[in-house]
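User: Hey, could you walk me through this model? I'd like to get a feel for the fold before I set anything up.

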Amino acid sequence: MIQFYSPDIVSTGLLPESESLHCCRVLRHKAGDEIFVTDGKGSRFKCRITDPHTSHTSVEIIGKEDIIDPTYRITIAVAPTKNVDRMEWMAEKCVELGVNRIVLLKCTRSERKIMKTDRLQKIMISAMKQSLGVSLPEISELISLKEFVNHISPEAQRFFGYCSEDFPRKEFAREYKPGSDVVVMIGPEGDFSPEEVKIAVEAGFMPVTFGNHRLRTETAALFAVSAIETLNQLN
């Protein structure tokens, strides 16, 4: 199955320009062909092409499937790495695994203080389509750790990956309880500062380790999402 993305498919009956180009020029779909389109809001539509066009393909909705999301939501808050490619790879893979929200953290030791989300958004859309997902995860602009921890659902489980052995840590896979919302913070390559650790702990975040190996920022984020999904499937 090849899946297209149109957030306004119900109200407009149109594919966006980029999707129309792929549909009609690359895949050479014609009038009368049936395709699948997601709105990124939890639904997949079976559509029939009525007017193929490389910039505004018109379709008729002939079927709809609503996909029930898991009862839990996964938020990964991560400090962007200096190498943008690594962040793009992380976003792509986290979407494929089922993350619901990615927050970009601005930390004291962050090597990257500016991060544009436009390209990350495009990569996340592509990953959602490729993995046949129907819910497009949120991507939040850079926010300080102190501000972020004050805007979290009180019911969510809270963890942050921490490298230093000077502070007591627990194993993430043993502490996470399947079935409820979870927020995991991943620090910069230089780790969280002592002040940030204090802020996180006071906000109810548990310092955790992701195994016996020291992981890169993007690998730690991917490990966390993978562990959450696996533990929920086993539960």
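User: For starters, how many helices and strands are there in the chain?

Analyst: Happy to help! Keep in mind that this is a predicted model. The chain has eight helices and eleven strands.

User: Thanks. What box do the C-alpha atoms fill, and what percentage of the residues is buried?

Analyst: Taken along the principal axes, the C-alpha atoms fill a box of roughly 65 × 40 × 30 Å. Of the 235 residues in the chain, 46% are buried. The accessible surface is about 12,300 Å², and carbon and sulfur atoms account for 49% of that.

User: What about contacts between residues far apart in sequence?

Analyst: Counting contacts with a separation of 6 or more, 72% are between residues 24 or more positions apart.

User: OK, sheets next. What is the strand order in the open sheet of four strands?

Analyst: The order is β1-β2-β3-β4, and the pairing is mixed. At the edges sit β1 (3–5) and β4 (58–66), each pairing on one side only. On average, neighbouring strands here are turned by 40° against each other, direction ignored.

User: Mixed how? Which sense does β1 take with β2, and which does β3 take with β4?

Analyst: β1 and β2 (residues 34–38) are parallel, with three bridges, and Q3 stands opposite F36 of β2. β3 and β4 run antiparallel over eight bridges. A hairpin of six residues joins β3 to β4, and S43 has D66 in β4 as its bridge partner.

User: Nice. Which helix lies across β1, β2 and β3?

Analyst: That's α2 (residues 17–26), running at about 150° to β1. Helix α4 (residues 118–130) also packs on the sheet, where it touches β1 and β2, and its direction makes about 150° with that of β1.

User: Switching to the interior: which residues touch the most other members in the largest nonpolar core?

Analyst: Those are I76, I102, F172 and V184, in a core of 36 residues. At least two residues each come from β5 (74–78), α3 (84–97), β6 (101–106), α4, β10 (182–186) and α8 (217–234). The biggest contribution is from α8, with seven residues. There is also another core apart from it, with 21 residues that include C107, I152, Y162 and A203.

User: What does I76 touch, leaving out residues up to four places away in sequence?

Analyst: Its contacts are V99, R101, I102, V103, V184, A221, A224 and V225.

User: Back to α8, then. How far does α8 reach, and what do its buried residues pack against?

Analyst: From first C-alpha to last, α8 reaches 26 Å over 18 residues, close to the 26 Å expected at 1.5 Å a residue. Its buried residues pack against β5, α3, α6 (172–175) and β10. Among those buried residues are A221, A224, V225 and E229.

User: Last topic, backbone oddities. Where is R28, and what is its phi?

Analyst: R28 is in the loop between α2 and β2, and its phi is near 60°, a positive value in a residue other than glycine. For context, most residues other than glycine have a negative phi. D191 has a positive phi too, about 75°, and is found in the loop between β10 and α7 (194–202).

User: Are those two buried or exposed?

Analyst: R28 has 60% relative accessibility, so R28 counts as exposed. D191 counts as buried because its relative accessibility is 10%.

Conventions:
Residues numbered from 1 in each chain as written. Predicted model: local features only at pLDDT ≥ 70, side-chain atom pairs only at ≥ 80, totals over all residues. Heavy atoms only, no water. Pairing = 2+ DSSP bridges. Axes fitted to C-alpha atoms, helices over the stretch in contact; angles between N-to-C directions. Contact = heavy atoms within 4.5 Å. Core = buried A, V, L, I, M, F, W, Y, C linked by side-chain atoms within 4.5 Å. Buried < 20%, exposed > 50% of the residue type's maximum accessible area, 1.4 Å probe, protein only. Areas by Shrake-Rupley, 256 points an atom, 1.4 Å probe, with all protein chains shown as cover. Expected span 1.5 Å × (residues − 1).
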